[in-house]
Structures are given as C-alpha cells and as structure tokens.
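Colleague: I'm a first-year student and I'd like a close look at one thing here: the places where the parts meet. Walk me through them slowly, please.

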Amino acid sequence: MMTTEITRPERTTTAGRWYLDRAGLDDLVAALAADGRTVIGPTVADGAIVYDEIRASADMPHGVGDVQVAGRYRLTKRDDARVFGYVVGPTSWKRWVFPPTIELNTGRRAGHRVEFAPIRPRPERLAFIGVRACEIAAFGVQDRVLDAGPFRDADYAARRASAFIVAVQCTTAETTCFCTSMGTGPEVESGFDLALTELDEGFLLDVGSPAGQQLVEGPLAKAIRPATPVEVYTAAADVAATRARIGDPLPTAGLHDRLLAQLDNPRWAQIAERCITCGNCTLACPTCFCTSVVQKTDMEGIGATNERSWDSCFSPGFARVAGGSFRSRPRDRYRQWLTHKFGTWWDQFGTAGCVGCGRCITWCPVGIDVREELMAIAPPIALSPEPTRVEPVAASFDDFVVAQVVATRLETADTVTLTLSGADPAFSKGSLGQFAMVSIPGFPPLPISISRFTVDGIELTIRGAGPATRAMCALKVGDQLGLRGPLGNNWPIDRAVGRDLVIVTGGIGLAPLRPVIHALAADRRRFGDVRLYYGARTPADILYREEMERWASRGGIEVHLTVDRAGPEWEGRVGVVTQLFDQAQWEGANAIAFVCGPERMMQATANTLAGRGVTTSRIYVTLERHMECGIGLCGHCQMGRFFVCRDGPVFSLEQLGDTFGREGI
Amino acid sequence: MAAMAQKADRGRPGEHGHAARGGTPRPRVGVVKLASCDGCQLTILDLEDHLLELSEHFEIVDFPEASSARSNGPYDVLFVEGSVSTPDHLRRIGELRKQARVLVTIGACATSGGIQALRNWADHDAYRAAVYPTPEYVESLARSTPISEHVSVDFELRGCPISPEQLIELLTALVTGRRPQLRDEAVCMECKRRGIVCVMSAQGIACLGQVTQTGCGAICPRMGRGCYGCFGPREQANAAGLARWFQASGERSAEEVGQLFAGFTAYAEPFRSAITDLGGTRGARRSGGGGFIAAGGTGAGRASYLAGTRRMEGIDDDGR
C-alpha cells in the first residue's frame, strides 16, 4: 500500500545509503564480533522470537512471522525468507542494559566497624541487532529515568553506552502495535549506529553514527554497494505501509489530563476482577524500571551482599511499610501502573512511560488491553499539572559513607537518639526535614529523618519497631553505620518568615521537625507566634522532654501536649492532637502549618486547620512511603506523579491535590 | 540481636540449647512429621553443602528421618511437615506447639493440607471403604487440614517439596535475628527475570503461575509446562479471575478448570473456593455413584497438564 507520507527527502535520497544482501548479515555479525562485542539478536526459542546471543545469521529466524493479539502470541511460517518479518517478542533489550538481577554492593561488620564496598562490574561490549523504533524510544525513556540526573544509575549508563545498535525498520505490524499513537515509530529516525530496512533479498542500510560509518567504510565495505533508487523507494513505501496498517489505535491528545481526572472511575474496580496482578506487563515492558534490593547474608550475620532485581508495582509487598501497603487493593495497583505510564510519567520525565510496543497486551496472560482500558476510563477533560520539585544532592545508589556513633541517648523505652560524627560532609549542607538512608550490614537500609544537624554530623532519632531499627537502637558509642544523604526536600521555613507557624505532630513524627524548632529558636524574632501541638501515646512516650521545656521557657514557643492514655500523675490533656487546638483562640489567615504524623492524623489536622483559615498552599505534610534507593530510581515510593523520596517527603496539600488521603495511591 | 520471629516473639534462639565447644548455646531444632511423604525432610538432608555450617549454628535434637536422637522438646525451632489428617495428629500438634518457641510449617501438606486434602470435597467414609479392605482399622479425620487451622504458625515454607534456597534463607534469618526475605509474588516474576517465554501466551498451556507464590525458580515453565501451584496461592491471588479467563479463552469446561486448581494446594484459599465454585473435585463427584475408585489425582486436571508439556513442534501455519 502506498501512502502520501513518503515525501521526506532524507528518506528518498540515495546518497550515503547502501544495499546489503541477506548473506551480508554474516559480515555484519562477524564485524561486530571482531570489534570485541557480544552480539545479541533475534532467535527462535520456545515458540517465540527471543533476543539472545548470536554468532551468525543462521542463528536468526528465517521466514518466520508472528501473530499477536491480547493474551496470545504465535509464530507463523512466512512464504519468504525474511529475517525480520515479525514484530517485537517477549524479550526487551532492557535485559542487557538493565539486567534482571545485579549485585550492588557488599557490607561487612567487624567488631564495631562496618565496611561497604560497591560492586561495579565492567560491562561487556555489546551489539544489538534488530532494534525496532519503539525499542529505541524505550532506550530514550530509560535514559531519562536512569541517566538524566540529578542521580544516575551508573551500571545502566555503562551498559547502555557500550551497546552498538543495529536498528530495523518495521515492515510488518501486529494488532498489538501502537507506536504511531505514542509517536515512537514505526520509522527509526535516530538513536542508532546502523539501520536496516528489509527488502525481498537484502537490506537497505543507513548509517546513524560515526561508529556505524567506520563499520561501513571498514569491514563491511566489501559486502555493500550503493543502494538504487528503487530499493530506497521500496523501503520507504514498506515502512509507510506499516504506519498505515497500524493507524492510530490510541488517541493520546490530552490523555495525561483526561486520565488523572479519573482516579475515582468505577472501571478500576472492574479491571481488578480480570487483572491477576501477576506483574507480567511490567516485566515485559521495555521501560518499567522498578527494582527491589534483597540482601544475602552469611549465617554469622556479619557479611552481606545486596542484590537488585526487577520488581513490580503489581506485587502486594512493593508499596508496603510497617502497618500495611499503601496500595493494598489490586485496583490501586492497576491504577498506579496505568496512570504512571500514561499520566504522571510525563510530569516526572517529560515523556510518556509507554512506547506503544504492545508487549503488555500480548503478554498479559488474561488479555487485558491497555488501549481499551484507557479509552474506557479517560473521557476528555483538562487539568494543568504542577511542575515537580527536585533537590539535587550528591549521593549514589550503591555506596554508603561510614559514620561513627559518638553519643546515644535513650529518649523513651523504645526510642534512641544517636549522635553521629564523621558523616559525609554533604550533611553539613543538609536542610530541615531531610533524611538519610541508614544501613547496618545484615539489615535492609532504612530512611531515617535527621533530627539534628551538628557541627560534624547529624543526630538520628529512631524508634525500635522492627529488627533493623532495633539493631540501630542497640548501637553503642564507637559503633559504626553507613549513611547516604542528606536526601529529600525540606520544610519551607522561609515561607514562615513574618508569619505565625503551627506545628502539629505526634510520636516519632517530632523527629524531622526538631531541626525546624531549633532553627526557629535560633532566629525567633523573624517569625510570628509559633505553636507546637504534640501528641504521644503515654506521658512516658513524649520525646525530647527536657528540650521541650527549654523550647517553651526560653525559645518563645508555645508547647501544647496531649497523650492517648495516662495515669493519675498526668495533669495535662488526654485525647487526640487535633482536640488541642479546638478551643484555641488564634486565627489561621496569617499562619503556615507543618504537620507530621500518620496519614489519618494529618488528614484530620488538615481539616481542622482549613476550618481556621489556613489554605492548602500553606499546609505542609511529610509523607511516609516504602523507600529503598532514596533517590528516585527504584520506584517504591511512587505516589502519583511524585517520588516521595526525591520530590518530598515534604509536600503542600496544594501540590498533592486530591491524591492526599486517598486510599490506595 | 533482634527478636527472631515476626508473630511469636518468644525469646531468643539458644535459650534451651547446649553450648557448642564452649560457645554460645545453639538453638535446639526439631524436625517432625504428620501426614506427608517425607520429601520436605529430604530437602533438609539434601542441603549437603550447608549441613556442616548448620550444625555449628543449630543443635538437631529430633529428626527421625535423619537420626536416632529423640526429644520431646522444648524446641527453639520446630519444623513440622505434613497435614493434620488423623485424630492423633490433632492431639500431637497442640502438644508440639507448646514445646516450640518458633514453629515453622514446611511444605504443601503442612501449609495447605496437601494432595490428601482432595478428600475434603468427597465422602470420607466412601473413600476409606474403597481403599482399605478393613476400613475400621484406619483412624482418619474427614478433612486433611493445614497446621495453621489448629495452632498459630510463625513461618511457612511453601512447596512440594520446599525450596532449599528458602530453607537456607529462613535458617540464616533465624540465626542472625532478622526477617527472612521470602518474596510473595507470582511465579511469573521469576519467569520474566529468567527470560522464560510465557507458556500460556505463547503456547496456550494452562498455567497457575500468576496466582502461585514464587520460590520454586519457575521450574515447570522452565521445562515448558504449566505451573500447577505446588507453592500455593500467593497473597491476594485472583483465582476466580484466572478461572474465568481459562473458561472464556481456553476452550475448557468448568470441570476442567476446577481440576487445574485441584492439586497439591487445593484446600488453600482462594484455590479452595475456585474448586468449589467450579463443581468440586472429580473424585468427589464420582464417589456419589458407588463403585468409586480413587482416581481424582489422575483426572482431567492432570491430563491437561501433561498435554501441556508438549512443546511446540515446528511452527503452525496459521498461527494457531
């Protein structure tokens, strides 16, 4: 089928374009191998086109096609000998640039000392043959997520940089293809070293990089000849016909806004009856990047190796924290995935998370088609997104800086404040409300709020709630631990200058606000009235008791306390923290509020504050999510368009919009 | 050292133990069985490379499969294989629980009731009469049930048999005082990480991997056959949704789909409800008609799995 689309001059010119006959594929494979590269390309295995190592063109499919519909994939025999007569299969190239499992680092405890050693493998030199336009687009998406800063996945970057890319223009399409809708194909236009368009007996060969040019001028010189105008036109026509065959299966205009306006659509619950939440879609996806770290320890409990593996937002444990999962229902997890791919990904990375390859449709074992779901869920409606906030801080994914415990203080029966010195100098530039990833080998690293910045280190206030936090609480003076940070954003204390400040918190939630109170007390005149409302379980659970008395007596801060339950010796209030300011006389029109506690408590507080005239742009909360990397690379703390670790943990209610307090986000 | 168990914080390992060469006391470990084939116990014995290290950290005080040493407890860690299938089991499991600070159930029988739980859908007396010449000598309960139905369980190791890697991970976690890292996710995740082509999408083979907890290393799909769920349902397994898809897409009858779930972990929810909703097990339906022969395990479900092992020979002409 001819279309009017083959008018671009660069497609129809013959200058600098070559013809490689089918036997010449062997010369290409040999040239890449001679360049010291492991060559990966399509093979036939287990009833599918599987990318794997190849040594000659005989390892590649000849005369094989495919049929793909939702939930179903079959190979077919073609009536020709084409090598690329099918579309993408179950494998994606991310298997090589972002492997399913890598070792990150090792840790070791020796007496009081701990040691960390990153494992930085030297990736082999690779060459990929048969990369489709949607797959090149997927590299682009992964580059933005993993290699565009401020934090980078060095392992990915190294593997990606090492790969020589031989692209293939698609001259066939399947029902699952929708690259045309996502703007990623079928034409390969950039991002390759060499590109092939398959013709009846050979290939049109285009050069896309100096490395490709070297190959054409060197080892391939004898295998190629200049392409004829007929070959050039035929190639362009075949690709254009592919575009016409795919059509525009997913109208994407305004999709981001349309979709994010549908968080309450009843369809989410209906999909969840069909969705098995197996995670196949996410692992087949060439851009999904979520991972989890599993620590392998020896039986002595002193040596540990951290291994990072592909994970999925569909697994129930992925968003779990102590107390449960933030996305406990399957519908939450499907919504998370779909709204991320087609909505919030734009906010985070300036692109969709989907390239239209159709793998999630074919390889969904129960045949759910994202295109159908999107069209059913998202009618046209407009919303304007807010820009995300990124705080660049020096840190890397796989390393910890060792710090030493120089003092410990028992705050309550189960809570300890550790004073650490020798920490990363970056902490001296840290700001109020930030956290550190804290690691003891043998236990998973945890995000802990910094409760004080000292001259040469920080303090961490830790409640021993689980094995890792109990191990941290048990550290003695002279013991070491690993730190990464400071991470996350900060309480916007500058916004409170000249205003009244209301701080509402409970339990361990006071820890990230303690540096704020220290800062206020140090520069008290610049702020209006400052009120701290604090709730604890019992009088014995009140944190920083002595310090709090100084805040009240000398710091000019009104301190109001309440407890959940108390004995007769307690003369203060009993009840939830919001009741403390039910009877208060102040007005909120000039106030700004910082709130830290369980999500339900923060919601109740926000409502009460709103009733006093504190608008949502002046109410700041800090969110808790499962965090593993702390720098926006592992995906665990995804919340709508935010990574809580990188874009938060402090957010204004205005920023969060209607996602705040919503179940299952 | 942090507390050793999630649910039952019953103290520290080694509390009851004897010191190994003057060191700290080693936790006392027992391995006992109820109704089971001993295959999971053999997995412990098969940990050849680790046995020496294990013996440095644990004192095995009771393990009939492996040694003549006997103990009636107390145990720091007690591994229990097998389901509760007889009145004697019912009595013993309560006693064992009292003697064990950390109780770990191992294998499909202990964690779900096992293959023998297929009788739970059938007429127990008819089964007994069909199998044994003098059924009055056989004392058994009408239902085979998982241990967690009777006493609290601290950790479960799934599988038929259990995975040696998971066993080592649990033991390491117990001795170092951290939580074991046992993934609760679909077998599919392991298939995808290993690059195994989905046997369901590419070959139309019925596979329970999506609803089954991982831990086996996706061994069946790796061999080109469907998962039959021996690790049991994973958290929030949507068995009903999968059953609907099997019926709608796979040209399978409700009865055939029911048999797919009627395997080693049939009695674990939600597999149990799926089987019941689809009409029960094959044997149960037959037993009502008299002349019953215990053929449930080789019924349609089994047959269709075996059919599934056929690898795609060549390539279909029409893509079917």
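Modeller: Let's settle one word before we start: two residues are in contact when heavy atoms of theirs lie within 4.5 Å. Also keep in mind that this is a predicted model.

We can begin inside chain A. The assignment cuts chain A into domain 1 (15-246), domain 2 (256-377), domain 3 (401-487) and domain 4 (494-622). Take domain 2 and domain 3 of chain A, whose C-alpha centres are 32 Å apart. Where they touch, 5 residues of domain 2 of chain A are in contact with 4 residues of domain 3 of chain A. Putting domain 2 and domain 3 of chain A together buries about 290 Å², and carbon and sulfur atoms give 47% of that. What holds hands across this border, in the polar sense? Between domain 2 and domain 3 of chain A there are 0 salt bridges, but 2 residue pairs are in polar contact. On the side of domain 2 of chain A that touches domain 3 of chain A, you'll find 2 nonpolar residues, 3 polar ones and no charged ones.

Now step out to the border between the two chains. Here 60 residues of chain A are in contact with 49 residues of chain B. The area buried between chain A and chain B is about 4,400 Å², with 54% of it from carbon and sulfur atoms. If you want names to click on, try Arg74(A), Ile276(A) and Met299(A): together they supply 18% of what chain A buries against chain B, more than any other three residues.

Charges do pair up here, with 2 salt bridges between chain A and chain B. Asp311(A) forms a salt bridge with Arg183(B), and their closest N and O atoms are 3.9 Å apart. That pair counts because the cut-off for a salt bridge is 4 Å. Across the interface of chain A and chain B there are also 20 residue pairs in polar contact. Among the elements, strand S5 (residues 72-77) of chain A gives the most to the side of chain A that touches chain B, namely 6 residues. Sorted by class, that side of chain A has 28 nonpolar, 19 polar and 13 charged residues.

Last stop, chain B itself. Its secondary structure comes to 14 helices and 5 strands, and 57% of its 320 residues count as buried. Among contacts in chain B with a separation of 6 or more, 71% link residues 24 or more positions apart.

Chain B splits into domain 1 (28-176) and domain 2 (187-313). At their border, 24 residues of domain 1 of chain B are in contact with 24 residues of domain 2 of chain B. The area buried between domain 1 and domain 2 of chain B is about 1,900 Å², and carbon and sulfur atoms give 65% of it. Leu118(B), Trp121(B) and Arg158(B) supply 37% of the area that domain 1 of chain B buries against domain 2 of chain B, more than any other three residues. The rule finds 0 salt bridges between these two domains of chain B, though 5 residue pairs there are in polar contact.

Which elements give two or more residues to the domain 1 side of this border in chain B? They are helix H4 (107-112) and helix H5 (124-131) of chain B, and the largest share, 3 residues, comes from H5(B). By class, the side of domain 1 of chain B that touches domain 2 of chain B has 12 nonpolar, 8 polar and 4 charged residues.

Methods: Residues numbered from 1 in each chain as written. Chains lettered and ligands numbered in written order. Predicted model: local features only at pLDDT ≥ 70, side-chain atom pairs only at ≥ 80, totals over all residues. Heavy atoms only, no water. Domains from an automatic or database assignment. Buried area = accessible area lost by both parts, 1.4 Å probe. Salt bridge = Lys/Arg side-chain N within 4 Å of Asp/Glu carboxyl O. Polar contact = N/O pair within 3.5 Å; in protein donor to acceptor, adjacent residues only side chain to side chain. Nonpolar A, V, L, I, M, F, W, Y, C, P; charged D, E, K, R; others polar. Helix = DSSP H or I, 4+ residues; strand = E, 2+ residues; numbered from the N terminus. Buried < 20%, exposed > 50% of the residue type's maximum accessible area, 1.4 Å probe, protein only.
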